[in-house]
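Here are some worked exercises for an afternoon with a structure viewer. Try each task on your own before reading its solution.

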Amino acid sequence: MAKQDRAIRTRQTILSAAAKVFEQRGYQAATISEILSEAGVTKGALYFHFESKDDLAQGVLAEQDQRLVVPRRPCRTQELVDVVMLHAHRLQTDPMVRAGVRLSLDQQAHELDRSGPFLRWVQVVDQLLHGAQQQGELLPHVSPTETAEVLVGSFAGVQAMSQAVSDYQDLPDRVCALLRHVLPTVVLSSVLASIDLSRTRGAAVLASLDAASAQQPPVPPEQRTVPGQPPSSEPLERQPVG
């Protein structure tokens, strides 16, 4: 199991290095050599976990999926706000999330399929809005799927503007403004009166998640897996596929 633990750590080291390079250089300009240098691993170790630069980029993009979960709330609209505000906060504090967003919005990355994060965001928001609708929190005319697509598209634009103007420093304020404009056309006013839309909401949600995580027992090594890989140790060297 020590070898499996090492493989897990190596994979995360490579992903973190790739995230840093992709964020700084963009997809097109980034090279495997730069990522290897940043990660400090062998070429064989990298190609054991990732077959190509595209595979690395998809790994970084997929990391956002693990950061879209918040505690279940009695009010599903608050849960939706928490997901959005948590993401905004992590864009300011988490290099992996910043790299994923940089890749998602990188229009020069012609060879990279960037649709995944947008489709997954729409799915998450759609599910939350359907839950809110079932609980009677939404206005009668609202189509959850249509609203999810509008909200995700608007959120992406706000992120891009914030990055260009302030390197994400004003993102919580911009996201709060977006929600204040959109939610009244979607959610009953009686529900909105109880929603926390403060700019510090994302930080508060992250703090509660970290506190809950600290109370959880560690996962035994035999129950850990490397996503997308069998539970085995990496070889010393492996040539790239293709």
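A residue counts as buried when its relative accessible area is under 20%, as exposed when that area is over 50%, and as partly exposed in between. Keep this cut-off at hand for the exercises, and keep in mind that the model is predicted.

**Exercise 1. Classify Asp167 and Tyr168 by burial, and describe their backbone.**

Step 1: Locate the residues. Asp167 lies in the loop between α8 and α9, and Tyr168 is found in that loop between α8 and α9 too.

Step 2: Apply the cut-off. Tyr168 has a relative accessible area of 7%, so Tyr168 is buried. Asp167 comes out at 48% relative accessibility and therefore counts as partly exposed.

Step 3: Look at phi. Asp167 has a phi near 55°, a positive value in a residue other than glycine. Tyr168 is not a glycine either, and its phi is positive at about 75°.

**Exercise 2. Describe the overall make-up of the protein chain.**

Step 1: Count the elements. The protein chain has 11 helices and zero strands, so reading from the N terminus gives the order α-α-α-α-α-α-α-α-α-α-α.

Step 2: Turn to burial and surface. Of the 242 residues in the protein chain, 47% are buried. The chain exposes about 12,200 Å², with carbon and sulfur atoms supplying 53% of that area.

Step 3: Check the range of the contacts. Taking contacts between residues at least 6 apart in sequence, 72% join residues at least 24 apart.

**Exercise 3. Find the largest nonpolar core and say which helices supply it.**

Step 1: Recall the background. In soluble globular proteins, nonpolar side chains tend to be buried together.

Step 2: Identify the centre of the contacts. The largest nonpolar core has 41 residues, and Val125, Val175 and Leu179 have the most contacts inside it.

Step 3: Assign the helices. At least two residues of this core come from each of α5 (76-93), α6 (95-104), α7 (115-134), α8 (144-166), α9 (171-182), α10 (189-192) and α11 (201-214). The helix that gives the most to this core is α5, with eight residues.

Step 4: Follow one residue outward. Setting aside residues up to four places away in sequence, Val125 touches Leu80, Ala148, Leu151 and Val152. There is also a second, separate core of 25 residues, which includes Ile35, Leu36, Leu46 and Val60.

**Exercise 4. How do α8 and α9 each pack against α5?**

Step 1: Choose the descriptors. Two packed helices are described by the angle between their axes and the distance between the axes.

Step 2: Take α5 with α8. These helices pack at an angle of about 25°, with their axes 12 Å apart. Angles under 35 degrees count as roughly parallel, so α5 and α8 are roughly parallel to each other. In the pair, α5 passes α8 in a right-handed crossing. Leu80, Val84, His87, Ala88 and Leu91 of α5 make the contact with Leu151, Phe155 and Gln159 of α8.

Step 3: Take α5 with α9. Here the angle is about 160° and the axes are 9 Å apart. Angles over 145 degrees count as roughly antiparallel, so α5 and α9 are roughly antiparallel to each other. The crossing of α5 and α9 is right-handed. On the α5 side the contact involves Val81, Val84, Met85, Ala88, Leu91 and Gln92, which meet Leu171, Pro172, Val175, Cys176 and Leu179 in α9.

**Exercise 5. Describe the surroundings of Leu61, Glu63 and Leu188.**

Step 1: Start with Leu61, in helix α4 (residues 53-63). Its relative accessibility is 0%, so Leu61 counts as buried. Beyond residues up to four places away in sequence, Leu61 touches Gly100, Leu103, Ser104, Leu112, Asp113, Pro117 and Arg120. Leu61 and Pro117 are 56 residues apart in sequence, yet their C-alpha atoms are 6.7 Å apart.

Step 2: Move to Glu63, also found in helix α4. At 7% relative accessibility, Glu63 counts as buried. Neighbours within four places aside, Glu63 is in contact with Gln12, Leu15 and Met96.

Step 3: Finish with Leu188, in the loop between α9 and α10. With a relative accessible area of 27%, Leu188 is partly exposed. Apart from neighbours within four places in sequence, Leu188 is in contact with Gly136, Glu137, Leu138 and Leu139. Leu188 and Pro140 are 48 residues apart in sequence and 9.1 Å apart from C-alpha to C-alpha.

Definitions and conventions
Residues are numbered from 1 along each chain as its sequence is written. This is a predicted model: local features need pLDDT of at least 70, side-chain atom pairs count only at pLDDT 80 or more; totals for chains, interfaces and linings use all residues. Side-chain values use heavy atoms; hydrogens and water are left out. Helices (H or I, at least four residues) and strands (E, at least two) are DSSP runs, numbered from the N terminus. Buried means under 20% relative accessible area, exposed over 50%, partly exposed in between (1.4 Å probe, protein chains only). Contact means heavy atoms within 4.5 Å. Accessible areas come from the Shrake-Rupley method with a 1.4 Å probe; for residues, only the protein chains shown count as cover. A nonpolar core is a set of buried Ala, Val, Leu, Ile, Met, Phe, Trp, Tyr and Cys residues joined through side-chain atoms within 4.5 Å. Axes are lines fitted to C-alpha atoms, for helices over the stretch in contact, and angles run from 0 to 180 degrees between N-to-C directions. Angles under 35 degrees count as roughly parallel, over 145 as roughly antiparallel, 65 to 115 as roughly perpendicular and the rest as oblique. A crossing is left-handed if the near helix is turned anticlockwise from the far one by less than a right angle, and right-handed if clockwise.
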